[in-house]
Each structure stands twice: as structure tokens, then as C-alpha cells.
Amino acid sequence: MTYSYTQISQYLTCPRRYRHRYLKGWKEKDTRAVMLFGRAFERANSALFRCEDRGAVLFTEWSACQS
């Protein structure tokens with residue numbers, strides 16, 4: 001098994017956080033506006049390839065993130 005620098009750093013910083021993230025597979029919720037908007041934008045771009053209205057998808061996704 002190979003370990004990345006990030007995994008080793010996480011373990012040295014907080015072994016419990018390492019266990020939850022890498023061994024149990026838990027993921028943190030990201031509530032930063034930049035990340036939420038980025039996800040909404042990615043979904044809107046993928047709507048382009050599904051021949052859907054990108055503007056409507058972006059508005060719907062971003063509205064859901066704001067609440």
C-alpha cells in the first residue's frame with residue numbers, strides 16, 4: 001500500500017480525522033460559497049452536453065445551494 005503526502009500529513013496532524021476520512025470513507029461537507037458555485041457551474045456545463053438549458057440548470061443548482 002502506498003501513502004500520499006496528504007495522508008501522512010493528515011495522520012500526523014490528527015489520527016482520528018485520518019481514520020474517519022481514509023479508513024471509514026467519511027467525507028466533509030464543504031459549505032464554502034466558492035466550492036458550491038463551482039459545483040453548480042460544473043453541473044451547468046454538463047447540461048450543455050445533455051442538450052439542456054445551461055442557464056436554468058445553473059439557476060436551479062445555485063438556488064439550492066443558497067438555502
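The legends below describe several close-up views of a predicted model.

**View 1. Two domains along one chain.** In this predicted model, the chain is divided into domain 1, which covers residues 1-28, and domain 2, which covers residues 31-66. The C-alpha centres of domain 1 and domain 2 lie 30 Å apart. A separation between two individual residues can be read in the same picture, since the C-alpha atoms of Gln-66 and Gln-7, which are 59 residues apart along the chain, are separated by 32 Å. Gln-66 belongs to helix H4, and with a relative accessibility of 55% Gln-66 counts as exposed.

**View 2. The packing of helix H1 against helix H2.** Helix H1 and helix H2, the latter made of residues 15-23, pack with their axes 5 Å apart and at an angle of about 135°. Because this angle is neither over 145 degrees, as roughly antiparallel would require, nor within the range of 65 to 115 degrees that counts as roughly perpendicular, H1 and H2 are described as oblique to each other. On the H1 side of the contact are Thr-6, Gln-7, Gln-10, Tyr-11 and Thr-13, and these meet Pro-15, Arg-17, Tyr-18, Arg-21 and Tyr-22 on the H2 side. Sorted by character, the residues of this contact divide into four nonpolar, four polar and two charged.

**View 3. Gln-10 and its surroundings.** Gln-10 is placed in helix H1, which runs over residues 5-13. When its neighbours within four places in sequence are left aside, Gln-10 is in contact with Pro-15, Arg-17, Tyr-18, Arg-21 and Tyr-22. Gln-10 has a relative accessible area of 15%, and because this is under the 20% limit, Gln-10 counts as buried.

**View 4. Cys-51 in the loop between H3 and H4.** Cys-51 sits in the loop between helix H3, residues 33-49, and helix H4, residues 54-66. Most residues other than glycine have a negative phi. Cys-51, although it is not a glycine, has a positive phi of about 60°. The relative accessible area of Cys-51 is 73%, and Cys-51 is therefore exposed, as the value is over 50%.

**View 5. Cysteines and the question of disulfides.** Two further cysteines can be examined here, of which Cys-14 is partly exposed at 30% relative accessibility, while Cys-65 is partly exposed at 25% relative accessibility. Both values fall between the limits of 20% and 50%, and therefore neither Cys-14 nor Cys-65 is classed as buried or as exposed. A disulfide would need a pair of cysteine sulfur atoms within 2.5 Å, and by this rule the count of disulfides comes to zero.

**View 6. Glu-61 in helix H4.** Glu-61 has its place in helix H4, and apart from its neighbours within four places in sequence, Glu-61 is in contact with Ala-40 and Arg-43. The C-alpha atoms of Glu-61 and Ala-44 are separated by 8.2 Å, although these two residues are 17 residues apart along the chain. With a relative accessible area of 23%, Glu-61 is partly exposed.

Notes:
Residues are numbered from 1 along each chain as its sequence is written. This is a predicted model: local features need pLDDT of at least 70, side-chain atom pairs count only at pLDDT 80 or more; totals for chains, interfaces and linings use all residues. Side-chain values use heavy atoms; hydrogens and water are left out. Helices (H or I, at least four residues) and strands (E, at least two) are DSSP runs, numbered from the N terminus. Buried means under 20% relative accessible area, exposed over 50%, partly exposed in between (1.4 Å probe, protein chains only). Contact means heavy atoms within 4.5 Å. Domain bounds come from an automatic or database domain assignment. Axes are lines fitted to C-alpha atoms, for helices over the stretch in contact, and angles run from 0 to 180 degrees between N-to-C directions. Angles under 35 degrees count as roughly parallel, over 145 as roughly antiparallel, 65 to 115 as roughly perpendicular and the rest as oblique. Ala, Val, Leu, Ile, Met, Phe, Trp, Tyr, Cys and Pro count as nonpolar, Asp, Glu, Lys and Arg as charged, and the others, Gly among them, as polar.
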